[in-house]
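Biologist: Please take a close look with me at the aromatic rings in this model, and then follow the trail outward from them. I am new to this, so explain each term as you go.

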Amino acid sequence: MTLDRTTTRRTGVPMRWTTRLGAALTAVTLAGTVPTAAAAAGGRPTGGWVPAPQEEFTLPAGARCAFGIRVAAEVDEVRKLVLTTDPDGSPRRELYTGALIETVTNTDTGAVTRVDASGTSLVSYAVDGAMTWYVTGPVLLGFRDDAGSLPKGLWLIDGQFVVRFTADYDKTVTMLHGTTHNVCDDLD
C-alpha cells in the first residue's frame, strides 16, 4: 500500500515559525552542497555527504504494535552531512535527507504496508545525550508506552515539526503543520 501524501492546512502556528524553519533548512541544504574542508574540531564541518543506511529491525508484540513488526528499507538513499562538531570531533549538528521507502510487516500475520519516510531532518545533539530534530516531510518514529507525546505505536509523521528526544529516547513532537498516522492500524 502506498500512502497518499495530502496537503493539510496550518493549525494556527504563527507563520514566522514556519518561515524560519523553512529558511533554516534551505540555508543548511544549500550550504551542504558546497564541498567542505577536511575534518577539523571546534565546530567545523567534517566532510561531504555520506550514506546513512537505515538498519532493518524487528520488535516483539506489544513493543510498538499489538503484534510483532519488522521494518526494512526497500529504497534507501538517505545520506547525511555533518555540519558542526564538538571539540572532541563528535557531531554537534547533522543534516539527513534522501529517499526512504520502508516496508513494515506484521510478523504474526504477514500483512505488509509500504511507507514513504523521505523527510529531511536537521539534527542537533546536546551534551547530555538529548537531541532535537527539525523536520520537513515524513519520518517514521516508534513510541513506547508513556514515553512521549504520542501513544504507543509506529507513527508516520508528515509536515513541518520538531521532535525533542530525551537521553532516554522519550519523544515530544511539536507540530507546526502536518499529520500523524499510526502505521500499526494498517497492519491489524
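Modeller: Gladly! The structure holds 2 aromatic pairs. Rings of Phe, Tyr and Trp (for Trp, its six-membered ring) make a pair if their centres lie within 6.5 Å; planes under 30 degrees apart are called stacked, those over 60 edge-to-face, and the rest tilted. One pair is Trp133 with Phe165: the ring centres are 4.8 Å apart and the planes meet at 45 degrees, so this pair is tilted. It links distant parts of the chain, since Trp133 is in strand E9 and Phe165 is in strand E11, 32 residues apart. (Strands, E, have at least two residues and helices, H or I, at least four; both are DSSP runs numbered from the N terminus.)

A word on what you are looking at. This is a predicted model, in which local features need pLDDT of at least 70 and side-chain atom pairs count only at pLDDT 80 or more, while totals for chains, interfaces and linings use all residues. Residues are numbered from 1 along each chain as its sequence is written, and side-chain values use heavy atoms, with hydrogens and water left out.

Back to the rings. Trp133 has 19% relative accessibility and so counts as buried; Phe165 is buried too, at 6%. (Buried means under 20% relative accessible area, exposed means over 50%, and partly exposed lies in between, with a 1.4 Å probe and protein chains only.) Phe165 also pairs with Tyr169: their centres are 6.5 Å apart and their planes stand at 80 degrees, so this pair is edge-to-face. Trp133, Phe165 and Tyr169 therefore form one aromatic cluster. Tyr169 is partly exposed, with a relative accessible area of 46%. This tyrosine is found in the loop between E11 and strand E12 (171–182). Its phi is near 70 degrees, a positive value in a residue other than glycine.

Asp146 invites a look for a similar reason: it has a positive phi of about 50 degrees although it is not a glycine. Asp146 is found in the loop between E10 and E11, and it is exposed, with a relative accessible area of 81%.

Now follow the cluster to the largest pocket, where about 850 Å³ of space lies. Of the 30 residues that line this pocket, the closest to its centre are Gln54, Trp133, Leu140, Leu141 and Phe165. How do we find such a space? Rolling a probe the size of a water molecule over the atoms shows where empty space is left. In detail, on a 1 Å grid over the protein atoms alone, a cavity is a set of points where a 1.4 Å probe fits but cannot get out, whereas a pocket is an open set with protein on both sides within 12 Å along at least five of seven lines; lining residues have an atom within 4 Å of a point. Points are joined across faces, edges and corners, and the volume is the space filled by probe spheres set on the points.

Several strands build the lining of that pocket: those that each supply at least two residues include E9 (131–136) and E11 (153–165). E10 gives the most, with 4 residues. By class, the lining has 18 nonpolar, 7 polar and 5 charged residues. (Ala, Val, Leu, Ile, Met, Phe, Trp, Tyr, Cys and Pro count as nonpolar, Asp, Glu, Lys and Arg as charged, and the others, Gly among them, as polar.)

Rings also meet charges here. Arg79 lies over the face of Trp49, at 4.9 Å from the ring centre, and the charged end of Lys171 sits over the ring of Phe143, 5.1 Å from its centre. (The rule asks for NZ of Lys or CZ of Arg within 6 Å of the ring centre and within 35 degrees of the ring normal.)

Finally, step back to the whole chain. The protein has 2 helices and 12 strands, running α-β-β-β-β-β-β-β-β-β-β-β-β-α from the N terminus. Of its 188 residues, 40% count as buried. Among contacts (heavy atoms within 4.5 Å) between residues at least 6 apart in sequence, 54% join residues at least 24 apart.
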